[in-house]
Amino acid sequence: VANAFEARDRWRRSSEAWIQHLAREDVNRTLILDPPMLEYAGDVAGRSVLDVGCGEGRFCRMLAGRGAAVVGVDPTPEFLAEARERDPAGRYVRGVGEALPFADARFDLLVAYLSLIDMPDFRAAIGEMARVARPGGHLLIANLNSFATTRPRAWYQDERGEKLHVAVEDYFDERTIDLEWSGISIVNWHRPFEAYVGALLEQGLVLEAFAEPRPCPDAVARHPAMRDEYRVPLFHVMRWRKGEGCAAKS
Ligand SMILES: C[S@@+](CC[C@H](N)C(=O)[O-])C[C@H]1O[C@@H](n2cnc3c(N)ncnc32)[C@H](O)[C@@H]1O
């Protein structure tokens, strides 16, 4: 897929800035996405989990802390080194979502925490996640809402920097988007929501839970900029189940 190598190289060059970004606390994760992701993961004690696009491993550590046997997979070696240093007992494997180096039906739970937007061939990655999920197992996905990814910066602002509205353009065209913030310079993919849902349905998966999470009022009081999430939600979280006894489609 065009741009795949550039995208991977940009993650490598941004890895240090990304690790620093997460160390300062990413409130989108801690205050918006972690609560529904943990709720939808359910009781993971004793469960085998694969976190696809695990980055420096923060969600792996969170699930391992709840008793799961977690494997993290990611193509960026700098993230794997950081993950191993922070969690020496954890298992972190180099690889891409599009070709997971694991046997069929190996995991109870597959996680993609804001990583499908980074995968050049998300259809192959969803096929791979469905393949390595056991029958009755789950895929847990946090993703950016597609109406927020048609442009590098979703919000239009006035000359004083006040956010006016989110702009949406060429919604149905799948394409790369260049993103730059805090020393991080990466490529994401914009795809219509229909494309993600279609790829999941194509695997015979069943949607069990869905949310467009917002920060709680306490969080908004502490971080007033998060009010914007009540105007336009930037994320959704979903849990899909692989049917008992039905093999994933290839
Ligand atoms: C936005 S970060 C999310 C990291 C982690 N899930 C988190 O929430 O902190 C996206 C991750 O996707 C990884 N990535 C990029 N291309 C990938 C691919 N083809 N397959 C799997 N992961 C990929 C990047 O290396 C990066 O760690």
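**Exercise 1. The shell around the ligand**

Task: Which helix gives the most residues to the shell around the ligand? Describe the surroundings of the ligand in this predicted model.

Solution.

Step 1. Begin with the helix. The most is given by helix α1, residues 4–23, which supplies 3 residues to the shell.

Step 2. Consider the shell as a whole. The ligand is surrounded by 21 residues, and the closest are Gly53, Asp74, Thr76, Gly97 and Tyr113. Sorted by class, the shell holds 11 nonpolar, 5 polar and 5 charged residues.

Step 3. Examine the distances between polar atoms. A side-chain N or O atom of Arg29 is 3.0 Å from an oxygen atom of the ligand. Gly97 has a backbone N or O atom 2.9 Å from a nitrogen atom of the ligand. For Asp118, a polar backbone atom is 3.4 Å from a nitrogen atom of the ligand.

Step 4. Consider the coverage. On its own, the ligand has 580 Å² of accessible area, and the protein covers 97% of that area.

**Exercise 2. The nonpolar cores**

Task: How many residues does the largest nonpolar core have, and which residues have the most contacts inside it?

Solution.

Step 1. The largest nonpolar core has 68 residues. Leu50, Leu63, Leu110 and Val111 have the most contacts inside this core.

Step 2. Ask where its residues come from. Helix α2, residues 27–41, contributes the largest share, 7 residues.

Step 3. Take Leu110 as an example. With residues up to four places away in sequence left out, Leu110 touches Leu50, Val52, Met129, Val132, Ala133, His138, Leu139 and Leu140.

Step 4. Look beyond this core. Another core lies apart from it and has 10 residues, including Trp11, Ala17, Leu179 and Ile186.

**Exercise 3. Helix α4 and Pro77**

Task: Which residues of α4 are buried, and against which elements do they pack?

Solution.

Step 1. The buried residues in α4 are Pro77, Phe79, Leu80, Glu82 and Ala83.

Step 2. Recall a general rule. An α-helix has 3.6 residues a turn, so residues three or four places apart point the same way.

Step 3. Identify the partners. The buried residues of α4 pack against α1, β2 (69–74) and β3 (91–94).

Step 4. Turn to Pro77, which belongs to helix α4, residues 77–86. Residues up to four places away in sequence aside, Pro77 touches Arg12 and Arg94. Between the C-alpha atoms of Pro77 and Gly137 there are 28 Å, and the two residues are 60 residues apart along the chain.

**Exercise 4. Two positive phi angles**

Task: Is Leu114 buried or exposed? Compare its setting with that of Ser182.

Solution.

Step 1. Locate Leu114: this residue is in the loop between β4 (107–113) and α5 (122–132). Its phi is near 50 degrees, a positive value in a residue other than glycine.

Step 2. Leu114 has a relative accessible area of 13%; because buried means under 20%, Leu114 counts as buried.

Step 3. Locate Ser182: this residue is in the loop between β8 (175–181) and β9 (184–190). Phi of Ser182 is also positive, near 50 degrees.

Step 4. The relative accessible area of Ser182 is 45%. Partly exposed is the class between the buried limit of 20% and the exposed limit of 50%, so Ser182 is partly exposed.

**Exercise 5. Strand β8 and its contacts**

Task: What are the accessibility classes of Glu180 and Ile177, and which residues does each touch?

Solution.

Step 1. Glu180 is in strand β8, and so is Ile177.

Step 2. Exposed means over 50%. Glu180 is therefore exposed, as its relative accessible area is 53%. Ile177, at 7%, is buried.

Step 3. List the contacts, omitting residues up to four places away in sequence. Glu180 touches Arg10, Arg153 and Ser185. Its side chain also makes a polar contact of 3.1 Å with the side chain of Ser185. Ile177 touches Thr149, Thr150, Arg151, Pro152, Ile186, Val187, Asn188 and His190.

Step 4. Relate sequence to space. Ile177 and Arg151 are 26 residues apart in sequence, with 6.7 Å between their C-alpha atoms.

Step 5. Follow Glu180 to its partner Arg153. Arg153 is in the loop between β5 (133–144) and β6 (155–157) and is partly exposed, at 48% relative accessibility. Neighbours within four places in sequence aside, Arg153 is in contact with Glu180 and Trp181.

Conventions:
Residues are numbered from 1 along each chain as its sequence is written. This is a predicted model: local features need pLDDT of at least 70, side-chain atom pairs count only at pLDDT 80 or more; totals for chains, interfaces and linings use all residues. Side-chain values use heavy atoms; hydrogens and water are left out. A nonpolar core is a set of buried Ala, Val, Leu, Ile, Met, Phe, Trp, Tyr and Cys residues joined through side-chain atoms within 4.5 Å. Buried means under 20% relative accessible area, exposed over 50%, partly exposed in between (1.4 Å probe, protein chains only). Helices (H or I, at least four residues) and strands (E, at least two) are DSSP runs, numbered from the N terminus. Contact means heavy atoms within 4.5 Å. A residue is near a molecule or strand if one of its heavy atoms lies within 4 Å of it. A polar contact is a pair of N or O atoms within 3.5 Å; within protein, one must be able to donate a hydrogen and the other to accept it, and residues adjacent in sequence count only if both atoms are side-chain atoms. Accessible areas come from the Shrake-Rupley method with a 1.4 Å probe; for residues, only the protein chains shown count as cover. Ala, Val, Leu, Ile, Met, Phe, Trp, Tyr, Cys and Pro count as nonpolar, Asp, Glu, Lys and Arg as charged, and the others, Gly among them, as polar.
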